[in-house]
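This report describes one protein chain for a reader at the bench. It begins with the packing of the interior and goes on to the chain as a whole and to a few individual residues.

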Amino acid sequence: MQRMAQFTTFGVGGPAGALVEVATAEELIDAVCEADASRQPLFVLSGGSNVLIGDAGFDGTVVRITGGTAGPGWVWAGVGLDDLVAWSIDQGLAGLEALSGIPGLTGAAPVQNVGAYGAEIAQVVQAVRVWDRHERKQITLSPPECGFAYRDSVFKQSRRAGEATGRYVVLSVLFDLPASPLSAPIAYAELAKDLGVELGARVPVRDVRDAVLGLRRRKGMVVDPSDPDTRSAGSFFTNPLLDESAAAGLPPDAPRFPQPDGRTKTSAAWLIEHAGFGKGYGDGAARLSSKHVLALTNRGGATAADIVALARTIRSGVQAKFAVTLEPEPVLVGVEL
């Protein structure tokens, strides 16, 4: 049995009960239907960049999505997200540039509603085509039907407790990208500063891509086999969304970002650092990144248990210091915090 560690950016994960690799929507549907018909537990593995798989592996069928080239129209789930961003810029299209450098595949992007530097994939999704495992048919969902929210969607919510894959399996995504040499308005202060412009400015899309890639590299957020800081799942914790009472309990200097629903978003990285966990924290194979405290990394030889232990230590420390419970961003398969 193949260990799934080789298919994840964390470099951890035990064996798959059965591994099926698919390169088309038809192959993906067939593999999912076969697993469901045999009542096998199912795990659809995309790019492996936002998942932590337990050391015991997955006792069921793992369907691994592979291959694909970006192009116009519906984008197959197996196309690399950054390949899609690069293609869109080459075609003179705007809207994806701030998502440059995010690892993983296009099909996983709407599941997590991936975002960075003031942009989210939900802002440019026109429709998502999925396989509905309950109804056993293909359906197409509009953005409202996708239930997009901060790092959330109906695809993510459709997982029952203990399930690795939920009701909907993403087959392809249709994007609404305007033809423009200029980016979407810059919505992130750090990016605006790096570009030397004001918030809300529009600049050449390629300039945004270059700036974002530079920022991500400095934080160890662009996968590089020679850099152990990138042997991670990127940001391990989401930024907490707090109600009025919880937000009022934060220290005066804690970051606060008012949300449309009345809640307040704060910075998980700020909470972690101010709870006493600095860059490089840890004394074993699992440590915080030396570049960014929001990334847990495998410095070489770490197990999933090592990473979970570190995550628990950090979450407990933040809870004790600020009464805020951090939530993990990666999909957890065979492990719990």
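## Nonpolar cores

In this predicted model, the largest nonpolar core is made up of 62 residues, and Leu-28, Leu-84, Ile-121, Phe-155 and Phe-175 are those with the most contacts inside it. A second core, separate from that one, has 33 residues, among them Val-12, Phe-237, Ala-269 and Phe-322. Once residues up to four places away in sequence are set aside, Leu-28 touches Val-22, Val-44, Val-63, Ile-65 and Trp-76, and also Val-169, Val-170 and Leu-171.

Leu-84, another of the residues with the most contacts inside the largest core, is also one of the buried residues of helix H2, which are Leu-81, Leu-84, Val-85, Trp-87, Ser-88 and Ile-89. The cover over these buried residues of H2 includes strand S5 (75-76), H3, S10 and helix H7 (205-218).

## The chain as a whole

The chain contains 10 helices and 17 strands, and its C-alpha atoms fill a box of roughly 55 × 45 × 40 Å along the principal axes. A compact globule of 337 residues would have a radius of gyration near 20 Å, and the chain, at 20 Å, therefore agrees with that expectation. Of the 337 residues, 52% count as buried, while the accessible surface comes to about 14800 Å², with 49% of it belonging to carbon and sulfur atoms. Among contacts with a separation of 6 or more, 61% are between residues 24 or more positions apart. As for charge, the chain carries 31 positive and 37 negative charges, and the mean positions of the two sets are 3 Å apart.

## Loops and backbone angles

Several residues around the helices can be described one by one. Just after H2, Gly-92 adopts a positive phi of about 75 degrees. The loop that runs between helix H2 (81-90) and helix H3 (109-112) holds Gly-104, which, leaving aside neighbours within four places in sequence, is in contact with Gly-47, Ser-49, Gly-80 and Leu-81. Of these partners of Gly-104, Leu-81 is also listed with the buried residues of H2. Gly-104 and Gly-14 are 90 residues apart along the chain, and their C-alpha atoms are separated by 20 Å.

Ser-158 is placed in the loop between helix H5 (154-157) and strand S10 (168-175). Because its relative accessibility is 15%, and buried means under 20%, Ser-158 counts as buried. Apart from neighbours within four places in sequence, Ser-158 is in contact with Glu-163, Gly-166, Arg-167 and Tyr-168.

Two arginines have a positive phi although neither is a glycine, Arg-39 at about 60 degrees and Arg-151 near 50 degrees. Where do these arginines lie, and is each of them buried or exposed? The table sets out the answer.

| Residue | Phi | Loop | Relative accessibility |
|---|---|---|---|
| Arg-39 | about 60 degrees | between helix H1 (25-37) and strand S2 (42-45) | 75%, exposed |
| Arg-151 | near 50 degrees | between helix H4 (143-146) and H5 | 13%, buried |

Arg-39 is thus found in the loop between H1 and S2 and counts as exposed because its relative accessibility of 75% is over 50%. Arg-151, by contrast, sits in the loop between H4 and H5 and is buried, because its relative accessible area of 13% is under 20%.

Technical notes. Residues numbered from 1 in each chain as written. Predicted model: local features only at pLDDT ≥ 70, side-chain atom pairs only at ≥ 80, totals over all residues. Heavy atoms only, no water. Helix = DSSP H or I, 4+ residues; strand = E, 2+ residues; numbered from the N terminus. Rg over C-alpha atoms; globule rule 2.2 N^0.38 Å. Buried < 20%, exposed > 50% of the residue type's maximum accessible area, 1.4 Å probe, protein only. Contact = heavy atoms within 4.5 Å. Areas by Shrake-Rupley, 256 points an atom, 1.4 Å probe, with all protein chains shown as cover. Lys, Arg positive; Asp, Glu negative; His and termini not counted. Charge placed at Lys NZ, Arg CZ, Asp CG, Glu CD. Core = buried A, V, L, I, M, F, W, Y, C linked by side-chain atoms within 4.5 Å.
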